[in-house]
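Please work through the exercises below with the sequence and the coordinates open beside you. Each task is followed by a solution that proceeds step by step.

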Amino acid sequence: MSTSTSEIGYQDIFKCSPAAILIIDIDAPYYTILDANDAYCNATNTQRCDMIGTSVFGSFPANPTDEVSHNIEMTHFSFQQAIQTKQSHTMYNYRYDIPIRGTNEFEERYWTTTNTPILDADGQVRYFIHSPANVTELYKLNQKEQAGIDALKNQRQQLYSSFMQAPLGICIISGGDLVVQMANDSYLELVGKSRAELEQQGIWDAVPEAAEAYAPVLNKVIETGEAFFAKEHEVTMIRKGRPERIFMDFVYEPISDVAGVNNAVMVIAIDVTDKVVARRRIEEAEERARLAIDAAEIGTFDFDPANDNIVTSDRFNAIFGFDGPRSRDEFRERMHKDDLALRQAAHARAPETGKIFYETRLIWPDESLHWIRVQADVYFNGTDKPYRMLGTVLDITEFKRLQQQKDDFISVASHELKTPMTSVKASMQLLERLVKTQPSSDKIPLFLDKANTNLTKMQHLVDALLNVSKIAAGQLALHKTDFVAAEMVNECCDHVRLMGTHELILSGDTQLQVHADKERIDQVVVNLVNNAVKYAPDSNKILFHIAQTGNMAKISVQDFGRGIPPEKLPHLFERYYRVDASGVQFSGLGLGLYISAEIIERHGGKIGVDSVVGEGSTFWFTLPLKSN
Ligand code: ADP
């Protein structure tokens, strides 16, 4: 049996409709509730009887904690819209909290509500239906979803910003066609290209200068899926049209898509040129310092007083006569006992000056004596106990020897000059007296002669000294000619023949001609022959020999005197050197051989000696032959 329209109980339908409905009067701004159905009461936790006849806004006041949604104003607006336009007006997803009955609390609710005007036969709005749908669950779900989407978007943006702003150069190249998909600013700067020159271009078209070295590497990464790491690779990049040599650390890292297929390569690169250049500079500076220290034969040490630990260089150990590192005590034990106080005094001054400086003697186990100069910087932090000493030692034995030699020379030279001078003075006094008392005495010529001889001796000494200063100033001028060596030797030895103490025998090539300064060579031969006479007083022969060796003439002077100990031989031609430094037995300044050596060397010749103690010595020198 069917039901006709007139039979349908609309009142019941209203009452039981699952849609929440409120019927409201148009009496703005009061808006009296005319009726409410069950669904409405359920949705809003209200009783129908409590509402009817009251204002909507009285039944549903605004939640004082919700200051942002302005739902009351919105609702007013919607009501007016429905009434004025005579059309339904819908408010979507707005917040309108409902009071929790019996408390002052509110429950957060979201609604989508339609206000539908109901018109009478004249087309006038009589009342309107307010039908809210509770969309709180949906709204919250949406909110969550939106928050998730926003977070993702944010994350993506953050990732992109990090990528773009990273201080490392990053570039993504697609695996198939090797086209650059993305590159950040650092990467563009690194390869010296603009974004347009690089992005969406084939990598090797964009950076051809790196293709030869890196194309095979990139291909291999794509092929094998294995990353490639490079450290401090030297690459020449064309930056702003100019080649620039740079050093890079970089990685070619294969990257896969969601399916796990490697379809791109990420290049991460950093320009480490400054670091490499700075390090190389430091290394070079260290190397230079090391070479300088080695060249200067300086030993170095680094002492840590807290642990009594000393780190020394090989040279330091060698200067102390050790073949490897030793403890500080062992080094100290090598120092001469008499110098320890000096060392202590130097250390005591350190807190004030921050430096240590002293010279001390070392006694090696073989009892040889070595002079060293110790210099150090001492570091303190607040107390007078140092926490570090960094310093050098220098072997100054030779320097001390030369200093000693110079001191000896001054006393020898004064002595050598004083003897003839005293003699001249005595002769002059006698002469003065004789001239006054016996002006015709036959002793006068004798004393004059003696004074003269002594003056000549002094002149020779002064000449030698002048020669030395000329040599030192590089002013020894040579006037070379060709002459027969044997003739020169013969001529310059007359004074020895006159003395009659030694027989002079000349052998060898007596025709050999040399190209040299005759006067200077004469001086050399005289010096050698005088030494032969002086240091071989008991033998009666001096042999001269002249021979050609290669393209030089060799002239030797052999005596049969006392000879020279082998350890002294290397020093004979040094300035002021005398085998018998005390000069007790033989007088001399130790300059003759030094001057001779300088003269021969200036001629491009060599000078030397072969000697056997007790048998005699052969001094020789070479000179260039006469040029043809
Ligand atoms: P001086 O003779 O004035 O000391 P020299 O330079 O001529 O200076 O010689 C240096 C030293 O070489 C001498 O002091 C001497 O000890 C040694 N000497 C030179 N010639 C001979 C020689 N023929 N025999 C032995 N010793 C010599």
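**Exercise 1. Determine how many aromatic pairs the structure holds, and classify the pair of Tyr-110 and Tyr-139**.

Solution. The model is a predicted one, and in it 19 aromatic pairs are found. For Tyr-110 and Tyr-139, begin with the distance: the ring centres are 3.8 Å apart, which is inside the cut-off of 6.5 Å for a pair. Next take the planes, which meet at 15°; since planes under 30 degrees apart count as stacked, this pair is stacked. Then place the two residues along the chain: Tyr-110 belongs to strand 6 and Tyr-139 to helix 6 (residues 136-165), so that the pair links distant parts of the chain, 29 residues apart. Finally, Tyr-110 has a relative accessible area of 9%, and because buried means under 20%, Tyr-110 is buried.

**Exercise 2. Classify the ring pair of Phe-250 and Tyr-252 in the same manner**.

Solution. The centres of these rings lie 5.3 Å apart, with the planes at 55°. An angle that is neither under 30 nor over 60 degrees counts as tilted, and the pair of Phe-250 and Tyr-252 is therefore tilted. As to accessibility, both Phe-250 and Tyr-252 are buried.

**Exercise 3. Name the residues that ring pairs link into a cluster, and find the charged side chains that lie over rings**.

Solution. The cluster consists of Phe-301, Phe-316, Phe-320, Phe-322 and Phe-331, linked by ring pairs. Turning to charges, Arg-328 is placed over the face of Phe-303, 3.9 Å from the ring centre. Likewise, Lys-400 has its charged end over the ring of Trp-371, at 4.4 Å from the centre of that ring.

**Exercise 4. Trace the strand pairings of strand 6, and identify the partners of Trp-111**.

Solution. On one side, strand 6 (residues 110-119) runs antiparallel to strand 3 (residues 89-95), and five bridges join them; within this pairing, Trp-111 is the bridge partner of Tyr-94. Strand 6 also pairs with strand 7 (residues 125-134), again in the antiparallel sense, over nine bridges, and here Trp-111 stands opposite Asn-134. The hairpin of strand 6 and strand 7 has five residues between the strands, and in this hairpin Gly-123 takes a positive phi near 85°.

**Exercise 5. Describe the secondary structure of the segment that UniProt lists as "domain: PAC"**.

Solution. The unreviewed UniProt entry gives residues 356-408 for this domain. Over residues 356-408, the chain is 57% strand and 23% helix, while the C-alpha atoms at the ends are 30 Å apart.

Key
Residues are numbered from 1 along each chain as its sequence is written. This is a predicted model: local features need pLDDT of at least 70, side-chain atom pairs count only at pLDDT 80 or more; totals for chains, interfaces and linings use all residues. Side-chain values use heavy atoms; hydrogens and water are left out. Two strands pair if DSSP finds at least two bridges between them. Helices (H or I, at least four residues) and strands (E, at least two) are DSSP runs, numbered from the N terminus. UniProt positions are given in the numbering used here, feature names are shortened, and annotations may be inferred rather than shown by experiment. Rings of Phe, Tyr and Trp (its six-membered ring) pair if their centres lie within 6.5 Å; planes under 30 degrees apart count as stacked, over 60 as edge-to-face and the rest as tilted. Buried means under 20% relative accessible area, exposed over 50%, partly exposed in between (1.4 Å probe, protein chains only). A charge sits over a ring if NZ of Lys or CZ of Arg is within 6 Å of the ring centre and within 35 degrees of the ring normal.
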